[in-house]
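Reader: I should be grateful for a close look at one part of this structure, with each term explained as it appears.

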Amino acid sequence: MSALLLDSTALGRTIARMAHEIAERNPAGTDLVLVGIQTGGVFLARRLAAQLSTIYGHAVPAGFLDVALHRDDLDRRSAPMLRPTELPFDVNGRTVVLVDDVLYSGRTTRAALDALHDFGRPNRVQLAVLVDRGHRELPVRADFVGKNVPTSRSQRVEVSLTEDGGNDTVTLQELKS
Amino acid sequence: MNWNRRHLLDLQSLSAEELTLILDTARHFKSLGERPKKKFPALLGKTVVNLFVEPSTRTRISFELAAVRLSADVINFTAEASSLKKGETLKDTVRNLEALQADFVILRHSASGAPHFLSRFARAHVVNAGDGAHEHPTQGLLDTFTIREKKGRLAGLNVTILGDILYSRVARSNIWALVRLGAKVTLCGPPTLVPRQLESLDPNIRVTWNLEEALRDADVVNLLRIQHERQRVTMFPSIGEYAALFGLNPARMKWVKPDALIMHPGPINRGVEIESDIADGDQSVILEQVTNGLAVRMAVLFLLNGGRSGEVAGT
């Protein structure tokens, strides 16, 4: 059983609103870079960067970051797949907006902060997530949230994007117990 | 797929999917090695013991650097300076290391099957760093990685392994990985060191004692060191004769395809298996093998760290 949280129109509007909120918080935008967390944040960061480039009238670069080696559960689970990292800019002195699809325990964000700091010292780091589903296990809070969704732990938030062969929807699914 | 093994004991028991997962993971670690900051916290707080009952410098250094790059603490334990010399059994040695909370034991041993023996009781992850004439899994993986990276594939390639096959754990690990991933393997060398029966291991293995035939259609030529230390009786008349009959020299390089890779696991005996100009030549990937060995060993440690007890054990 699954419930539709965002259809493609609502998803487009949500991303546009997030881009405007990011621009409002960072008025000049000249030092702004977007970093998508592998794998769910990669295409969202690209979409936000494209919209921000239009809003600012100058190119906003986007990269992506794999956080697998910085996870805190590596000896508690089967080793995660490693994925590429590509940051085609210097993060030193920049405002970095980390982008992920779903914010849940906060552990991925913690790992991402560590992984990002391997590349330098940004001036500030902000967090943008499409869905905040609650259940935080660490003191992590997003600066930009597309949609707050109360969930139970037996549910799963599925973000399906066209870049990944999906249909631009966000759904809430029941996991079989 | 998920990695579920606690130990890496051999390549013979690994599936094509497991081999590919290690190679793919190693590819990422190789690119991480090109970053200015090369150290990652994946094994922070873990202890890796290099238990080298048989001496080896290059493999130990490679494992040590792999563990250090993943932030593990490393202890080096060599037979010369150890309790093993005082009569302690291997089992007791390992139990003592485990009492010090060793999480990984990297074992090099002159007895075939020593790592398998350890894996039956060890709580630590056991990695075979070469056991007698049996297997040297990480060498087989790094050779396979190098071929795949340079040639873009393994399936359908002709790989010639030349030299002392009978006593070579490197040959055996290469053979298992290569045939599992679809390559064809030609084994060549003196008949005493390359028995015809090796063909019975797999239909994609061919034995020839004719060097020209072995070199002509090869996409890869992997040269092995003569394992003097493992030969109980002399298997060929002299080093000079081996070099004269099977050494890779400029005249024989004319038989080799211009885009074939020349590989050697090291340490090379210049003028025996291979002449200097060829070892240092354009077709040689010998030093890249060393670089790739580090990436492969990081991948192995990283994957085993997540391997669960109670799932697929060792073999």
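Author: Helix H1 of chain B, a DSSP run of H or I with at least four residues, numbered from the N terminus, has 17 residues and reaches 24 Å from its first C-alpha to its last. That is close to the expected 24 Å at 1.5 Å a residue, where the expected span is 1.5 Å times one less than the number of residues. This is a predicted model, in which local features need pLDDT of at least 70 and side-chain atom pairs count only at pLDDT 80 or more, while totals for chains, interfaces and linings use all residues. Residues are numbered from 1 along each chain as its sequence is written, chains are lettered from A and ligands numbered from 1 in the order in which they are written, and side-chain values use heavy atoms, with hydrogens and water left out.

Among the buried residues of H1(B) are B:Leu19, B:Ile22, B:Phe29 and B:Leu32; buried means under 20% relative accessible area (1.4 Å probe, protein chains only). Their cover includes helices H5 (137–151), H6 (169–180) and H11 of chain B.

The two chains also meet: 20 residues of chain B are in contact (heavy atoms within 4.5 Å) with 16 residues of chain A. Between them are two salt bridges, each a side-chain nitrogen of Lys or Arg within 4 Å of a carboxyl oxygen of Asp or Glu. A:Asp75 and B:Lys46 form a salt bridge through their side chains (2.5 Å, N to O). On chain B, H1 (16–32) and H11 (286–306) each supply at least two residues of the side that touches chain A. H1(B) gives the largest share of that side, five residues.

Key. Buried means under 20% relative accessible area, exposed over 50%, partly exposed in between (1.4 Å probe, protein chains only).
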